[in-house]
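Let's take a walk through a protein fold together. Have the sequence and the 3D view open, and follow along.

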Amino acid sequence: MEITGHTVELLNDPTGIIEGDRYEFFLDLDIDEEDELYIESGAKLRVLFASQDGREWIANYDFIEAATGTPMGFALEEDEEQEVLDYCRTHKDA
């Protein structure tokens with residue numbers, strides 16, 4: 001799995017319930033045809049990235065079909081999760 005691009009949006013919490021900042025990322029993925037995640041129409045990773053008081057973490061994520069937005073039900077491996085976290089840290093203000 002390789003991250004090839006993204007869109008990101010700072011989410012607005014009009015209620016003020018959520019402390020800190022939340023970002024919604026849609027990561028474009030290049031997935032090898034031999035990988036169980038591979039689908040012909042393509043897959044994306046939707047990530048809710050949180051930042052508060054100098055701490056940053058992945059609050060939630062879903063692999064989704066690129067064409068339909070349907071969740072695929074897969075989980076990130078530990079090294080992939082770290083890669084996604086680092087990517088989001090680097091690109092949250094882009």
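We'll go from the sheet to the helix, then to the core, and finish with a few single residues.

A bit of housekeeping before we start: this is a predicted model, where local features need pLDDT of at least 70, side-chain atom pairs count only at pLDDT 80 or more, and totals for chains, interfaces and linings use all residues. Residues are numbered from 1 along each chain as its sequence is written, and side-chain values use heavy atoms, with hydrogens and water left out.

Start with the sheet. It's an open one with four strands in the order S1-S2-S3-S4, paired antiparallel. Strands here are DSSP runs of E with at least two residues, helices are runs of H or I with at least four, and both are numbered from the N terminus. Two strands count as a pair if DSSP finds at least two bridges between them. Strand S1 (2–10) and S4 are at the edges with a single partner strand each, so one side of each has no neighbour in the sheet. From one strand to the next, the twist averages 25°. For such angles, axes are lines fitted to C-alpha atoms (for helices, over the stretch in contact), and the angles run from 0 to 180 degrees between N-to-C directions.

What holds a sheet like this together? Strands of a sheet pair through backbone hydrogen bonds, either parallel or antiparallel. Here, S1 and S2 are joined by eight bridges, and Leu10 sits opposite Tyr23 in S2. Eight bridges also join S2 to S3, where Glu24 faces Leu48 in S3. S3 and S4 pair over ten bridges, and Ser51 has Glu56 in S4 as its bridge partner.

Now bring in the helix. H1 packs on the sheet and touches S1, S2, S3 and S4, with its direction at about 50° to that of S1. Touching, or contact, means heavy atoms within 4.5 Å.

Next up is the greasy part. The largest nonpolar core has 20 residues, and Phe25, Leu27, Leu29, Leu45, Val47, Phe63 and Val84 have the most contacts inside it. Strands S2 (21–30), S3 (43–52) and S4 (55–65) and helix H1 (78–91) each give at least two residues to this core. A nonpolar core is a set of buried Ala, Val, Leu, Ile, Met, Phe, Trp, Tyr and Cys residues joined through side-chain atoms within 4.5 Å. Buried means under 20% relative accessible area, exposed means over 50%, and partly exposed is in between (1.4 Å probe, protein chains only). In soluble globular proteins, nonpolar side chains tend to be buried together. Look at Leu45: leaving out residues up to four places away in sequence, its contacts include Phe25, Leu27, Phe63 and Val84.

Is Lys92 buried or exposed? Lys92, in the segment after H1, is buried at 16% relative accessible area. Its side chain makes a polar contact with that of Glu56 (2.4 Å). A polar contact is a pair of N or O atoms within 3.5 Å; within protein, one must be able to donate a hydrogen and the other to accept it, and residues adjacent in sequence count only if both atoms are side-chain atoms.

Compare Arg46 in strand S3, which is partly exposed at 23%. The Arg46 side chain makes a polar contact with that of Glu24 (2.8 Å). Finally, Gln82 lies in helix H1 and is partly exposed at 38%.
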